[in-house]
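Visitor: I should be grateful for a close look at the interface in this structure, with attention to its composition. Please set it out as one connected account.

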Amino acid sequence: MATGSFEFGLSATALNAWAIWILPFVAAVIIPGVAKFSKRATGGVAVAFALASAISATTLLPLALGNNEIHNQIPWISSIGLKAGILADPLAALMSNVVAWVSFLIFVYSTGYMKGDKDITRFWFWMAFFVGSMQLIVLSDNFLQLFFGWEGVGLASYALVGFWYRDKKKDHVGIEGRTVLGLVDYYSPTHSGIKAFIMTKVGDVMMLAGMFLIFAFAGTFGFRELIENTNWATTMSSQHLLIPAAVLLFGGAIGKSAQFPLNEWLLEAMTGPTAVSALIHAATMVKAGVFLVARLAPLFFALAAIGINMDQFFEVVAWVGAITAFLLATQGMVHPEIKKVLAYSTGSQIGYMMMALGIAGLSRQFVDGYTAGFFHLISHAMFKASLFMAAGSLLHIVGSRFMTDMGGLRRHMKKTYAFMWAAGLGLMGAPFITTGFWSKDAIFAAVYQSANTWALPIFVLALITAVMTTFYTTRMIGMVFFGNKSKHVEEMEKEGYHIHEASPSMWIPYGILAVLTIGIGVIGLAFEHQLHDIFTQYLASAFGIKSGIGNVAMESQSALGGFLEGVNPVALISSLSAFAIGFALGYIFYIGRFADPVKFVNSNIFFYAIHKFFLNRWYLNALIYWAFVVAPLYFARGIYRYFENFVMEGFNLVPEKTMMGGARIMQATQTGISQSYLYIFGAGILIVVLLLLI
Amino acid sequence: MIDFTSTPIILTMILGAVGVIIPVISNARKEKGSSLYGGMAFAALIAAITFVGYQIASKHVTPSAIFSKNVLVDDTFGSFFAIAMLIVAIMTTVGSFNYMRGRANPAVYYSLILLSSIGMVLIAYSTDLVMLFVAWELMSIPTYVLAGFMKKDPSSNEAALKYFLFGALASGIIIYGISIAYGLTGSTNIGQVITGFSKLGPDMMPLALLAVAMFIAGFGFKIGLVPFHMWLPDTYEGAPPTISALLAAGTKKAGFAAALRVIIMGAIALDLNWAFALAIIAIVTMTVGNLAAIMQKNLTRMLAYSSISHAGYILIGLSIAPFSQIGLQASLFHILNHAVMKASAFIAVAGIITTLSVSHIDKIKGLGKRMPITSLGLVISLLALAGVPPLNGFWSKLMLFGAAINAGSMVSWGPYLAVAGVLNSALSLAYYGWIIRKMYFEEGESEKRVKEPKSVIAIMIFSIIFIVGIGVYPDPVIEFAKSAVPTLTNVVTIH
């Protein structure tokens, strides 16, 4: 490090960095105690600690701007040479600020959203635990410590997605009674919690394998140690193990970030309280996967300097991102549940980030793609948190998760309406005034300029996705706020219920984020340049990545100089037209309502089939259930029935249960089961002898 | 010369004296209350473990023979197991306070637990096959009685009978192995047997091989290795749940102590391809245990199968012992962890059974509200068993699998053990998660809080502190396990 400071042992300067992840955990520990005195105070305590953690995170910002870092280690398990540590480099510093501030706002919102819930203590415990684990991931200086946070995030998401464990009907997701390939497309909170846990666990196991594969060669888990001495990479590469290990690690990110093919848990995770969805989608959980890739990508890219080609890894990342972005956007266009649309959109936008990080590794200008991916992460955190919280208000007021049960709300919820437009424009990438526009444009530019073989198909996919994104966002806003009031709303009003604006503790947080989306959007290009500078210095000093050392020999094609440097005209025009087409389509069907979308879909067998295909989630979810839930259950039952009962106890004809009469115990144990047991015991000895002889 | 100040002798005297005296007092007292006997047993065990701790702290542990005939040795390996066994015995005793209230013959019950723990401790200290066998029987016979202690309960009787039947067979097989070993080498001292084995001519090899196979089968019965495991679920299910804790966490570990002393050393001397054999048994054991556990509806039976699978994990360390330094350390570490985790899980279940009289998994819905501390203890133990960080089970599994990957540079099948272990751990989450889901995420018939037994609460608090404490800072225990391993390998140097 040119300007970095390396410290060993606890010191005053590092305490603020440690505090960022320790404070939320402290909150989690004391919240049950606080609840003994006052249940209502738990929210206040959680918010206070979140604010303290966020302020500690802010103290790291000067570090990021000056390209300094805090690397502080304390002994942990000396017998295997393991240290616990904090690595607050510019990447971690920026990320932990995004996480801390967004989750602080979500906490404020939750005090209103969860008011009066009788399990409030459990809610705050897990929320604080969730944020603490996420910050642990962000600030870890080694894989193993990161994995602790990684598992903590998984555990918290399991507990929070299944928070409403009473499985009431209103807390389910999906449409009751609807089936896909014979399986119900309707999930309870507890089911969804387990689904999220197990699907992400698949990724975790892969990640663990990748981690230890690298450890086996490098003998260290530390991120800095891995870059300082790269002999491990040379050895692994010569045995063709490096790419598999990298892809296994990426498997962890696929699971956490809900990328294809482990994307299906994200939709059912909507059963959690909306504040939890906002936290999962904007600040924690799914961003953890992107962060992991952002942590690793420069490391793998820098290996090019010692002649190791990691193109295959980056191709996998870019393609997984591109496919996910496209796949989930298609489904987002047709679903009637507002939170599900937002969930599809998250997966799709995360796909963009992965795509950018992947393409970065394939291009000459690594820093361009890297900045684009991270910039999109920041802007997505803002507008998606805002959208989710606004959607939560809608659910709260209308009492239904279906957009078809809303409609015409713009006159009653003026603030929510305005903020949702602002944040929605961010998601659509409305030109020049939103962060979403600049970050998406940066991704397009990075992809377009990468000059990789795959650049064109990925670029086209990204572009189609952008059209769809604009369309479904417009559709969402149109269905909720425009048109006539739905039957559901009319009935509510008939019963004397007055549709009203949400309480200030709820609209202020998403208002702030919506305003920021536009506010930073206006100065978006300058913001991007600042970010670009930070990362250029960071990548150069920490990894030795200077612009132009990539694997592709072609020159960058950036045509515009000066202030507009980094804006590619082709990308700019493409993203403008994508916005225009998507918005026009959405406007025709859902805002202007010149045509009825239902009639339109049913008018033509082709549109009908496509609609159904998207609504059934490309049948992927159903296939996964058939292959990994239904079939293995049969298998496990079979194992039990045939292996334990038939093979192990098959020597006696009388079933075990009938022999259990008290008087016949002697008979049962002597002539019944035990004989076969003893027979197997004897056979076992033979087997052991045979095994020893092999 | 007998060294009267050495650990095994003192332990035998403390535990033996109290164990013998308890029934005598109960005869003289003619009173029904059980708390006195439980208290005495508890005090004796605490005194014993304190003594072991003192011996270690004051570095009195020296691997030298205690008697003029070299039958017992006072080494760190023995002390490590002594501590593990005594913790289990203490947990069982305290867990039984509530269970035995109002039941018949409490004095005999506690006395038998003490006698059995003498056996468990002595196995770990034995250096002579005959001594080891005597200790083995001293451990086993009281547990046969204990498994069938509820004499009016048919399933308890069946459990005891099956257990005894297999125990007798296994003892016979061990004796057979010992006699072959003696016939071949003219000695029953483990060290001399091993040296003798390594000097055998090729024509005598098959007999030595048979002896090792007999040891694997005989000790494998207690450990619960597949295919010697069939008695185990029936017994654990039928026996009083507190005794299942003793069996799963205690006697099973004593089986490992014996296996470590005898099988590994003997097999090393014989230069057999034994490591591969153990590796296969390890994989089969953990897979069968986990697959069978998934379908169980009874908590104790599920835990029984889970303990079979854990025998498989521990065996990983044994099978890669010659190829990786960490292998045996990891096994020892996991033995201690598993002892506490499994004992605490069984005692939690015992608490549930005595309070609510249910052990079926559908009947524990909403238990998190009814018995919060017991449920929390059970959850922590189950998560530790699954190896979820940051609990102690994570570290020992990490070391086991890490060692297996490490061994990959010496034997090609090493990493496959780690892969099998990781997959099995993921599989095991399915049924542990199922229990947790029933307790916390499903609504029960009643939400009324019931009074939890104080003794169970005490055990739960102890095990939560132990599991989380070691999970956050495992260093001291790993160091202890590390120091226990070399004294074992001193018996015969690994070549």
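Guide: The count of salt bridges between chain B and chain A is zero. This is a predicted model, and the account below should be read accordingly. The polar contacts give a like result: across the interface of chain B and chain A, zero residue pairs are found in polar contact, where both residues must have pLDDT 80 or more.

The secondary-structure elements of chain B come next. On the side of chain B that touches chain A, two or more residues are given by each of α6 (154-185), α8 (205-223), α9 (231-238), α11 (274-294), α16 (392-406), α17 (414-441) and α19 (475-489) of chain B. The largest share of that side, 10 residues, is supplied by α6(B). By residue class, the side of chain B that touches chain A comprises 44 nonpolar, five polar and 11 charged residues.

As to extent, 60 residues from chain B and 50 residues from chain A take part in the contact. Together the two chains bury about 5200 Å², and carbon and sulfur atoms account for 78% of this area. Three residues may be singled out: Met230(B), Met295(B) and Phe441(B) provide 13% of the area that chain B buries against chain A, more than any other three residues.

One backbone feature concerns the loop between α8 and α9 of chain B, where Pro227(B) is found. The peptide bond leading from Val226(B) to Pro227(B) is cis, its omega being near 5°. Both α8 and α9 of chain B are among the elements that give two or more residues to the side touching chain A.

For context, salt bridges do occur in the structure, with 14 over all chains. One of them joins Arg224(A) to Glu69(A), with the closest N and O atoms 3.0 Å apart. This pair links distant parts of chain A, 155 residues apart: Arg224(A) belongs to helix α8 (residues 223-228), while Glu69(A) lies in the loop between α3 (61-65) and β2 (70-77).

Chain A also carries a nonpolar surface patch, formed by Phe600(A), Ile605(A), Phe606(A), Phe607(A), Tyr608(A) and Ile610(A), with about 590 Å² of accessible area together. Helix α25 (residues 605-615) of chain A contributes the largest share of the patch, five residues, whereas Phe600(A) is placed in helix α24 (residues 597-602) of chain A.

A further backbone detail in chain A is Ala258(A), whose phi is near 55°, a positive value in a residue other than glycine. Ala258(A) sits in the loop between α10 (242-256) and α11 (265-268) of chain A.

Definitions and conventions. Residues numbered from 1 in each chain as written. Chains lettered and ligands numbered in written order. Predicted model: local features only at pLDDT ≥ 70, side-chain atom pairs only at ≥ 80, totals over all residues. Heavy atoms only, no water. Contact = heavy atoms within 4.5 Å. Buried area = accessible area lost by both parts, 1.4 Å probe. Salt bridge = Lys/Arg side-chain N within 4 Å of Asp/Glu carboxyl O. Polar contact = N/O pair within 3.5 Å; in protein donor to acceptor, adjacent residues only side chain to side chain. Helix = DSSP H or I, 4+ residues; strand = E, 2+ residues; numbered from the N terminus. Nonpolar A, V, L, I, M, F, W, Y, C, P; charged D, E, K, R; others polar. Patch = residues over 30% accessible without salt bridge, like charges linked within 9 Å, V, L, I, M, F, W, Y side chains within 5 Å. Areas by Shrake-Rupley, 256 points an atom, 1.4 Å probe, with all protein chains shown as cover.
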